[in-house]
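Welcome! Below you will find a few short exercises, each followed by a worked solution. Have the model open as you read.

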Amino acid sequence: MSTSPDLSPGHFARLLLIALIIVIIALLVWQIVDVMLLVFGAILLAVMLKRSADWLEERTPLSAGWSLAAVVLGITVALGLCGWLFGAQVSGQIDQLVQVVPQAWGQLREQLQGSSWGRGVLETVDQFNPSSVSGGVMREAGSLLMSVVGGLGNVLLLVVGGVYLAAQPKLYRDGVVMLVPRNSEYLARDTLDVMGDALGNWLKGQFIAMVMVGAMVSLGLWLLGVPSAIALGLLAGLGEFVPLVGAVATAIPALLAASTVGMSTVLYVVALYIVIQQIEGNVILPIIERKMVSLAPALALFAVVAFGLLFGILGVIFATPLTVVAYVAVKKLYVEYALGKPDTKEEPD
């Protein structure tokens with residue numbers, strides 16, 4: 001019986017070699033997944049800088065390079081000015097918050113000690129609290145210091161990488177396109193461009209939502225007389241970067257701070273966060289999503305859980321933009337290209 005050309009030993013060996021190379025590359029990428037996530041963070045920053053620079057270039061006589069330099073300088077000056085104007089106040093409130101939260105936790109422990117179920121909860125919490133072990137405090141302090149130093153190094157790497165990517169985005173895009181077959185170069189280039197536009201729209205909408213939520217939380221907590229209202233509002237705004245999970249996580253310090261005022265204030269704070277989340281979900285996000293990228297809330301939630309289990313804290317932070325990229329890839333490469341179904345949905349402006 002003759003052997004089919006498609007099943008010849010040489011062809012089979014080539015397929016086996018390609019499969020082996022793919023497996024090796026996948027294993028290498030998995031080993032450096034933290035670095036890959038930092039690269040993705042740099043891409044996010046580059047998209048933000050590039051879109052801002054393009055906006056400035058269209059409205060001024062500045063060239064692309066000088067527009068990018070002006071944007072970077074403007075952001076640096078703005079951050080420095082905010083630090084000078086509000087740094088002392090926010091720093092003082094953060095220090096106050098650091099003192100208030102342990103005090104509130106101590107009061108809560110005393111109340112939980114009064115019931116059998118409360119003591120069970122405390123025993124469970126203490127099992128996961130390394131500081132309850134003798135000598136654990138010093139070990140945790142050392143680990144925290146190393147984490148802070150490593151985190152600052154990662155932030156510096158992310159910022160520098162983002163600036164480089166924003167300065168020459170076509171260079172890096174064309175480098176990726178070179179890795180695909182020639183007959184697929186246009187599809188790869190178009191997909192990467194659409195991904196960049198989707199990330200830019202998502203970043204714009206996310207920034208608006210973060211500012212509005214942070215302002216509402218700060219104002220509401222200040223009116224309720226909760227300590228460290230500005231710091232808690234800033235925390236809530238940053239938490240908005242991680243949908244659903246971030247809102248719940250940032251509400252816990254606010255509730256602990258409110259417990260130092262009174263239990264009635266705790267109830268008011270719970271109501272405040274619920275109202276703000278309803279405003280965000282039913283008013284802010286629908287308005288933003290008319291012109292931005294929209295993701296189903298359930299998809300965003302499961303993405304946070306999945307990426308968190310796979311990649312840890314960085315996976316949680318970048319879960320939503322990673323899902324945006326995956327959504328665009330599936331739509332362009334599978335739905336439109338492989339299945340041949342055109343996108344009939346009206347594209348955002």
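Helices here are DSSP runs of H or I with at least four residues, numbered from the N terminus. Keep in mind that this is a predicted model.

**Exercise 1. Find where Glu240 lies, decide whether it is buried or exposed, and list what it touches.**

Step 1: Look between helices α8 (229-239) and α9 (245-259); Glu240 lies in the loop that joins them.

Step 2: Check the accessibility. The relative accessible area of Glu240 is 6%. Buried means under 20%, so Glu240 counts as buried.

Step 3: Look for partners, leaving out residues up to four places away in sequence. Glu240 touches Gln206, Ala209, Met210, Val213, Gln277 and Glu280.

**Exercise 2. Work out how Asp54 and Lys50 are placed in the salt bridge they form.**

Step 1: Begin with the distance. The closest N and O atoms of this pair are 2.6 Å apart, and the cut-off for a salt bridge is 4 Å.

Step 2: Place the pair in the fold. Both belong to helix α2 (residues 33-59), and because they are four residues apart there, about one helical turn separates them.

Step 3: Compare with the solvent side. Asp54 is partly exposed, at 26% relative accessible area, and Lys50 is partly exposed with a value of 26%.

**Exercise 3. Find which helices are tied together by the salt bridges of Asp193 and Asp190.**

Step 1: Take Asp193. Its side chain meets that of Arg173 in a salt bridge, 3.0 Å from N to O. Arg173 sits in helix α6 (residues 169-177) and Asp193 in helix α7 (residues 185-224), so this pair ties together parts 20 residues apart in sequence. Asp193 is partly exposed, with a relative accessible area of 32%.

Step 2: Turn to Asp190, whose side chain meets that of Lys332 at 2.7 Å, N to O. Lys332 belongs to helix α13 (residues 319-338) and Asp190 to helix α7, so the parts tied together here are 142 residues apart in sequence.

Step 3: Look at the cover on this second pair. Lys332 is buried, at 13% relative accessible area, whereas Asp190 is partly exposed at 23%.

Step 4: Widen the view. Arg173 and Asp193 belong to a network of salt bridges that also links Asp174 and Arg189. The structure holds seven salt bridges.

**Exercise 4. Describe the largest nonpolar core and the surroundings of Leu199.**

Step 1: Identify the central members. The largest nonpolar core has 25 residues, and those touching the most other members are Leu37, Phe40, Leu44, Leu199, Phe307, Phe318 and Leu322.

Step 2: Ask which helices supply it. At least two residues of this core come from each of α2, α7, α11 (297-311) and α13.

Step 3: Zoom in on Leu199. Setting aside neighbours within four places in sequence, Leu199 is in contact with Phe40, Ile43, Leu44, Val47, Pro321, Val324 and Val325.

Step 4: Look elsewhere. Another core, of 16 residues, lies apart from this one; among its members are Val217, Ala251, Ala257 and Ile276.

**Exercise 5. Find the nonpolar patch on the surface that includes Ile25.**

Step 1: Locate Ile25, which is in helix α1 (residues 9-31). Ile25 is partly exposed, with a relative accessible area of 47%.

Step 2: Gather the patch. Ile25 forms it with Leu17, Leu20, Ile21, Ile24 and Leu28, and together they have about 560 Å² of accessible area.

How values were computed
Residues numbered from 1 in each chain as written. Predicted model: local features only at pLDDT ≥ 70, side-chain atom pairs only at ≥ 80, totals over all residues. Heavy atoms only, no water. Buried < 20%, exposed > 50% of the residue type's maximum accessible area, 1.4 Å probe, protein only. Core = buried A, V, L, I, M, F, W, Y, C linked by side-chain atoms within 4.5 Å. Contact = heavy atoms within 4.5 Å. Patch = residues over 30% accessible without salt bridge, like charges linked within 9 Å, V, L, I, M, F, W, Y side chains within 5 Å. Areas by Shrake-Rupley, 256 points an atom, 1.4 Å probe, with all protein chains shown as cover.
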